[in-house]
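The following exercises concern the reading of a protein model. Please examine the sequence and the coordinates before working through the solutions.

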Amino acid sequence: MTSWIDEFPARIAALDAAHLRRRRRAVVPAQGAHLLVDGAPMLAFCSNDYLGLASHRALAEAACAATREFGVGSGGSPLVSGHSQANAALEEDLARFVQLPRALYFYAGFAANVGIVPALVGAGDALFSDELNHACLIDGARLSRATVHRYPHADLAALGRLLAASPARRKLVITDAVFSMDGDVADVRALLALCERHDALLLIDDAHGFGVLGPEGRGTLAEAGLTGAAASPRMLYMATLGKAAGVAGAFVAGPDALIEWLVQKTRSYIFATAAPALLARALQASLQVIAAEGWRREQLAARIAQLRGGLAPLLQGTHWQLGESRTAVQALVIGTNDEALAVMEGLRARGLWVPAIRPPTVPEGTARLRIALSAAHTPADVARLLQALAELRPRRA
């Protein structure tokens, strides 16, 4: 009798047939937005290093100095011996930066959300999730054992109806702040108003807005005017630190009592080895750069405008579509998996690395190029991408 274990080669072949197999590439950073990808030089439009800080000298020097002081590993979980002085100082800096009472630092963004959600709600509670939320929020919802209600993307009327109909005493709304595959921004003020009306808690994931949006890059919540004296007691703000901040990890910030509860109940925090101090020191340096070097956000905004302005005439008469986004994430929807892969390959042959995103990451029929822009891109870089897309676009009808 054939074992189910013997089915994996056929299942992998099925992924190939559906153009859904993913392959890792070995990369080495080069100058600006350039990388060596499997040994070949590439101009990359795939990195979430939105401000170009991953190779910033101040961050590297801070990490090196911390290595000499603390070593390279933390040696334990945060509640045992892993919570270093550097990590504690970073939490204070993060809370101050986003203008919220308290922050909790995690070693990874996925681990943060997959642990935070089950710490907040459980069996018998109600959870409300945007249908385009990131996988870490979705998995956190599943692990919570709460009753999950998915509402159509950004449909606040539908969310309001679901909240009103729920008999649960404890309700949690979870949403991306900037949606990772489309680049659109959630209406945080309207979401909070719904939560206030229906006695719900709101958790937003600002992975792609932190460092980029809001005054001094303080994020989507600050852009909405909901920090400092205007901060809500029913809001938790989560953001990652491996994108615009240029390092690694994540944090969640909000009211002291909620953060203390997460310290006590978040399994992915309690039972994981803490992030090493060298990352915390690099992140402290990153926060200083984000606040001080506003020209990076200005440069990123200019590249976004250049790309969108250049694509508008190029897409006329084609079935390609550019999503509505004012952020660094620009989604060029191609349609089928095979065509998206073919365009990606055509760009790769021209020395450009732009990933094709396919189901299940995005809905069926919406395979796309996820163009990630950075302050490290020059006007010439974006012009080169536009020229290549002009050469690869489908024939006009």
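Exercises on strands, helix packing and backbone geometry follow, each with a worked solution.

**Conventions**

The model is predicted: local features need pLDDT of at least 70, side-chain atom pairs count only at pLDDT 80 or more, and totals for chains, interfaces and linings use all residues. Residues are numbered from 1 along each chain as its sequence is written, and side-chain values use heavy atoms, with hydrogens and water left out. Helices (H or I, at least four residues) and strands (E, at least two) are DSSP runs, numbered from the N terminus.

**Exercise 1. Trace the pairing of β1, β2 and β3, and state which side chains of β2 are buried.**

Step 1. Two strands are said to pair if DSSP finds at least two bridges between them. Strand β1 (residues 27-29) meets this criterion with β2, through three bridges in the antiparallel sense. Valine 27 has valine 37 of β2 as its bridge partner.

Step 2. Strand β3 (residues 40-44) runs antiparallel to β2 and is joined to β2 by four bridges. Here valine 37 is partnered by alanine 40 of β3.

Step 3. Next, consider the turns. The hairpin of β1 and β2 has four residues between the strands, and glycine 32 in that turn shows a positive phi of about 60°. The hairpin of β2 and β3 has two residues between the strands, and aspartate 38 in that turn has a positive phi of about 50°.

Step 4. Finally, consider the side chains of β2 (residues 34-37), which alternate. Leu35 and Val37 point to one face and are buried, whereas His34 and Leu36 point to the other and are not. Buried denotes under 20% relative accessible area, exposed over 50%, and partly exposed in between (1.4 Å probe, protein chains only).

**Exercise 2. Determine the strand order of the open sheet that contains β11, and identify the helix that packs on the sheet.**

Step 1. Four strands, with antiparallel pairing, make up this open sheet in the order β11-β12-β15-β14. The edge strands, each pairing on one side only, are β11 (321-322) and β14 (356-357).

Step 2. Strand β12 (residues 329-335) and strand β15 (residues 367-372) run antiparallel and are joined by six bridges. Leucine 332 has leucine 369 of β15 as its bridge partner.

Step 3. The helix on the sheet is α14 (residues 337-349), which touches β12, β14 and β15. Its direction makes about 35° with that of β15. Contact means heavy atoms within 4.5 Å; axes are lines fitted to C-alpha atoms, for helices over the stretch in contact, and angles run from 0 to 180 degrees between N-to-C directions.

**Exercise 3. Classify the packing of α7 with α8 and of α2 with α12 by angle, handedness and residue class.**

Step 1. The axes of helix α7 (residues 156-165) and helix α8 (residues 188-197) come within 10 Å and cross at roughly 15°. Therefore α7 is roughly parallel to α8. Angles under 35 degrees count as roughly parallel, over 145 as roughly antiparallel, 65 to 115 as roughly perpendicular and the rest as oblique.

Step 2. α7 passes α8 in a right-handed crossing. A crossing is right-handed if the near helix is turned clockwise from the far one by less than a right angle, and left-handed if anticlockwise.

Step 3. From α7, Leu156, Leu159, Gly160 and Leu163 meet Ala190, Leu191 and Leu194 of α8. This contact comprises six nonpolar residues, one polar and no charged. Ala, Val, Leu, Ile, Met, Phe, Trp, Tyr, Cys and Pro count as nonpolar, Asp, Glu, Lys and Arg as charged, and the others, Gly among them, as polar.

Step 4. Helix α2 (residues 57-70) packs with helix α12 (residues 277-292) at about 150°, their axes 7 Å apart. Therefore α2 is roughly antiparallel to α12. This crossing, of α2 and α12, is right-handed.

Step 5. Residues of α2 in the contact include Ala58, Leu59 and Phe70, and those of α12 include Ala277, Arg281 and Val289. By class, the contact of α2 with α12 has 11 nonpolar, two polar and two charged residues.

**Exercise 4. Locate the cis peptide bond from proline 359, and describe histidine 19 and glutamine 99.**

Step 1. The bond from proline 359 to proline 360 is cis, with omega near 10°. Proline 360 lies in the loop between β14 and β15.

Step 2. Histidine 19, although not a glycine, has a positive phi of about 60°. It is found in the loop between α1 (8-17) and β1. Histidine 19 counts as partly exposed because its relative accessibility is 34%.

Step 3. Glutamine 99 also has a positive phi, near 60°. Its position is the loop between α4 (85-98) and β4 (102-106). Glutamine 99 is partly exposed because its relative accessibility is 36%.
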